[in-house]
Amino acid sequence: MSATADHAEERTNPAARLGFQPGQVVQELGYDDDVDQELREAIEGVIEGDLVDEDYDDVADAVVLWFRDDDGDLTDALVDATTYIEEGGPILLLTPKTGRSGYVEPSDISEAATTAGLTASKSVSVGKDWSGSRLATPKAAKSKR
């Protein structure tokens, strides 16, 4: 594939539109059988590597968090996700769309993000069953060491 074709694909690839970049380490949390495999593959294509799981023992550049209403407390999940990520790194919170099993109310997402100290920058449709909320971590709110 030519470089021109690669750039055209990046413009239409949902993972590229979400801000993922080549070489990033992206940690995936909340993986289960219902996740959008096409989105996962698109992210891996953009970052030019595999997503790492919750056992990854270093700091990631970004986190992808799959979350359903019955997965527990969203605020706790978001706070946990911030411990895995570089200061200022994004968390892509993926929740089932309206009417799907495990749907999470937007007001619950907003409240949990605020309580966890995160800022929502945009919400996007990332597939037929999933919506994404891009959340930003504070750049200097926590000390890693």
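This is a friendly conversation about how some labels in a predicted model are earned.

Trainee: Why is Glu-111 called exposed?

Mentor: Glu-111 has 55% relative accessibility, and exposed means over 50%, so the label applies. You will find Glu-111 in helix α5, residues 106–115. In space, its C-alpha is 9.4 Å from that of Leu-74, although the two residues are 37 apart in sequence.

Trainee: What makes β1 and β2 a pair?

Mentor: Two strands pair if there are at least two bridges between them. β1 (residues 26–29) and β2 (residues 62–66) have 4 bridges in the parallel sense, so they count as a pair. Glu-28, for example, stands opposite Val-64 in β2. Between these strands the chain passes through helix α3, residues 37–47, and this β-α-β crossover is left-handed.

Trainee: How do you know that β2 and β3 pair, and in which sense do they run?

Mentor: The same cut-off of at least two bridges serves here. β2 and β3 are joined by 4 bridges and run parallel, so they pair as well. Val-64 has Leu-92 as its bridge partner in β3. Here the chain crosses through helix α4 (residues 74–82), and the crossover is right-handed.

Trainee: What about β3 and β5: which way do they run?

Mentor: They run antiparallel, joined by 7 bridges, and Leu-93 has Ser-133 as its bridge partner in β5.

Trainee: Why is β3 called mostly covered?

Mentor: Buried means under 20% relative accessible area, and 7 of the 7 residues in β3 (residues 90–96) are buried, so the description fits. Pro-90, Leu-92, Leu-94 and Pro-96 point one way, while Ile-91, Leu-93 and Thr-95 point the other way. In a regular strand, side chains alternate between the two faces of the sheet.

Trainee: Which residues touch the most other members of the largest nonpolar core?

Mentor: That core has 19 residues, and those touching the most other members are Phe-20, Val-26, Leu-39, Ile-43, Val-64, Trp-66 and Leu-94. Two or more residues come from each of α2 (14–17), α3, β2 and β3, with α3 giving the most, 5 residues.

Trainee: What does Trp-66 touch?

Mentor: Leaving aside residues up to four places away in sequence, its contacts include Glu-28, Leu-39, Arg-40, Leu-94 and Trp-130. A second, separate core has 18 residues, among them Val-63, Ile-91, Ala-113 and Ala-116. In soluble globular proteins, nonpolar side chains tend to be buried together.

Note on methods: Residues are numbered from 1 along each chain as its sequence is written. This is a predicted model: local features need pLDDT of at least 70, side-chain atom pairs count only at pLDDT 80 or more; totals for chains, interfaces and linings use all residues. Side-chain values use heavy atoms; hydrogens and water are left out. Buried means under 20% relative accessible area, exposed over 50%, partly exposed in between (1.4 Å probe, protein chains only). A crossover is right-handed if, with the strands pointing away from the viewer, the path from the first strand over the helix to the second runs clockwise. A nonpolar core is a set of buried Ala, Val, Leu, Ile, Met, Phe, Trp, Tyr and Cys residues joined through side-chain atoms within 4.5 Å. Contact means heavy atoms within 4.5 Å.
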